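Please find below a colleague's note on the structure, set out as numbered points. Each point takes up one topic and may be read beside the sequence and the model.

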Amino acid sequence: MPGPPLNILPDTFRDVFVPYGGVHLATVAVCVLVIAGLALAGRALSKRGEARLRHALGIFGLVYWLSYNVWWNRHGVDLAGGLPLQICDLNGVIAPLVLLTQQRWLRATLYYWAFALSTQAFIQPALQVGPANPIFYWFWAQHTIILAYAVYDLAVLNFRPQWRDLMRCTAVGALYLAVVVPLNVLLGSDYGFLGNWPAQAIPPFVAALGPWPARAVILVLLSSAACALAQLPWLVVRRVRLQQRCAAAQDR
C-alpha cells in the first residue's frame, strides 16, 4: 500500500510567491538569522580566523554570483533582461569584492545601495515564484549575501560612512544612470526599473510611481533621498560621541 505523497504542499503555496504571507515572513526570518550569525561569527573569531572567514565569504560570493548568472543565461543571453545590470545584480558582485579588497569606494557603494535599495527586496520583493522554483532560492540567497556582507563590513570591519562616502556612491550612481538609461532605450529593457515597460510587467511599487518617463525620474529622486537618509544615523552617532568627549573633558 503506497504511503502518503511526499509533496504535501498545495500547488499555489509551492509555485506562487505571496507577499507578506507565511512563506515570505519565514524566509525573511531565516535570512535575518544568517545575516546576524555571520556578523557574530566574525566578531568572535581571532584576527587571523576572521580574515580567513572574510576571504572565504568573498570567494563564495563571487562564485555564487558567477554561477547564478551563468545559470540564468543557460539558454542564451537575453540582452533585454539577462544582463546583470539591476542594482542588486551589481551589488551581488560588489559585496564580495568589499570583503576581499576593502576598497573605500566599493564599501561606500555597498553600504548605501544595500541599506537604502537592496533592503527593498526583503520588504517588497519583486518575486512571483514560490519554493517549487529554484529562482525562489537564488533570489533570497543573493539578497541575503548582499545585506550580510554589508552588515559584516559595519559590525566586524568597522566601516563608518561619511559624507564623502555618500558623494562616492552618488558618483557611482551617476555612472550607472549614464550606462543604463541609454541601454534601456536602445534595448527596450528595464534595468534599474528605469525603462518604459508596461505597468503589468514591473513591480507594483514601481508602477505606482506613474507613467514613464516621470516614474524613472521619481525613482531616481527617491533612491537618492534613501541614500541620504542612510547617512543620518551616523550623524547622530558622531554627535553623541562628541558630546561624550566634551563631557569627559569637562570632568577632568
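1. A residue is called buried when its relative accessible area is under 20%. Arg 107 has a relative accessible area of 10% and is therefore buried. Please note that the model discussed here is predicted.

2. The overall make-up of the protein may be stated briefly. It has 11 helices and zero strands, so that the order of elements from the N terminus reads α-α-α-α-α-α-α-α-α-α-α. Of the 252 residues in the protein, 39% are buried. Among the contacts between residues at least 6 apart in sequence, 70% join residues that are at least 24 apart.

3. Where is Arg 107 found? This residue belongs to helix α5, which covers residues 104-118. A polar atom of the Arg 107 side chain lies 3.3 Å from the backbone oxygen of Leu 157. When neighbours within four places in sequence are left aside, Arg 107 is in contact with Val 98, Gln 102, Asp 153, Leu 157, Asn 158 and Phe 159. Leu 157 thus appears both in this list of contacts and as the owner of the backbone oxygen just described.

4. Helix α7 deserves its own point. The helix takes in residues 134-155, a run of 22 residues. From its first C-alpha to its last, α7 reaches 31 Å, close to the 32 Å expected at 1.5 Å a residue. The helix is mostly covered, with 16 of its 22 residues buried. Which residue caps the N-terminal end of α7? The cap is Asn 133, which has a side-chain oxygen 2.9 Å from the backbone nitrogen of Ile 135.

5. Phe 122 is placed in helix α6, residues 120-123. Because its relative accessibility is 10%, Phe 122 counts as buried. Phe 122 and Thr 27 are 95 residues apart along the chain, while their C-alpha atoms are separated by 9.1 Å. With neighbours within four places in sequence left aside, the contacts of Phe 122 include His 24, Val 28 and Cys 31. Trp 140, His 143, Thr 144 and Leu 147 are also among the residues in contact with Phe 122, and α7 is the helix that spans residues 134-155.

6. Is Leu 166, a residue of helix α8, buried or exposed? Its relative accessible area is 7%, and Leu 166 is therefore buried. Leu 166 and Trp 105 stand 61 residues apart in sequence, with 9.5 Å between their C-alpha atoms. Beyond its neighbours within four places in sequence, Leu 166 is in contact with Tyr 112, Cys 227 and Ala 228.

7. The second largest pocket holds about 210 Å³ of space. Its lining consists of Leu 85, Leu 90, Ile 94, Trp 105, Leu 106, Trp 113, Val 172, Leu 175, Tyr 176 and Val 179. Which helices each supply at least two residues of this lining? They are α4 (87-101), α5 and α8 (163-187). The largest share, four residues, comes from α8. As to the kinds of residue, the lining of this pocket has 10 nonpolar, no polar and no charged residues.

8. Some points may usefully be read together. Helix α5 holds Arg 107 and also supplies at least two residues of the lining of the second largest pocket. Helix α8 contains Leu 166 and gives that lining its largest share. Trp 105 is one of the lining residues, and its C-alpha lies 9.5 Å from that of Leu 166.

Notes: Residues are numbered from 1 along each chain as its sequence is written. This is a predicted model: local features need pLDDT of at least 70, side-chain atom pairs count only at pLDDT 80 or more; totals for chains, interfaces and linings use all residues. Side-chain values use heavy atoms; hydrogens and water are left out. Buried means under 20% relative accessible area, exposed over 50%, partly exposed in between (1.4 Å probe, protein chains only). A polar contact is a pair of N or O atoms within 3.5 Å; within protein, one must be able to donate a hydrogen and the other to accept it, and residues adjacent in sequence count only if both atoms are side-chain atoms. Contact means heavy atoms within 4.5 Å. The expected span of a helix is 1.5 Å times one less than its number of residues. On a 1 Å grid over the protein atoms alone, a cavity is a set of points where a 1.4 Å probe fits but cannot get out, and a pocket is an open set with protein on both sides within 12 Å along at least five of seven lines; lining residues have an atom within 4 Å of a point. Grid points are joined across faces, edges and corners, and a volume is the space filled by probe spheres set on the points. Ala, Val, Leu, Ile, Met, Phe, Trp, Tyr, Cys and Pro count as nonpolar, Asp, Glu, Lys and Arg as charged, and the others, Gly among them, as polar.
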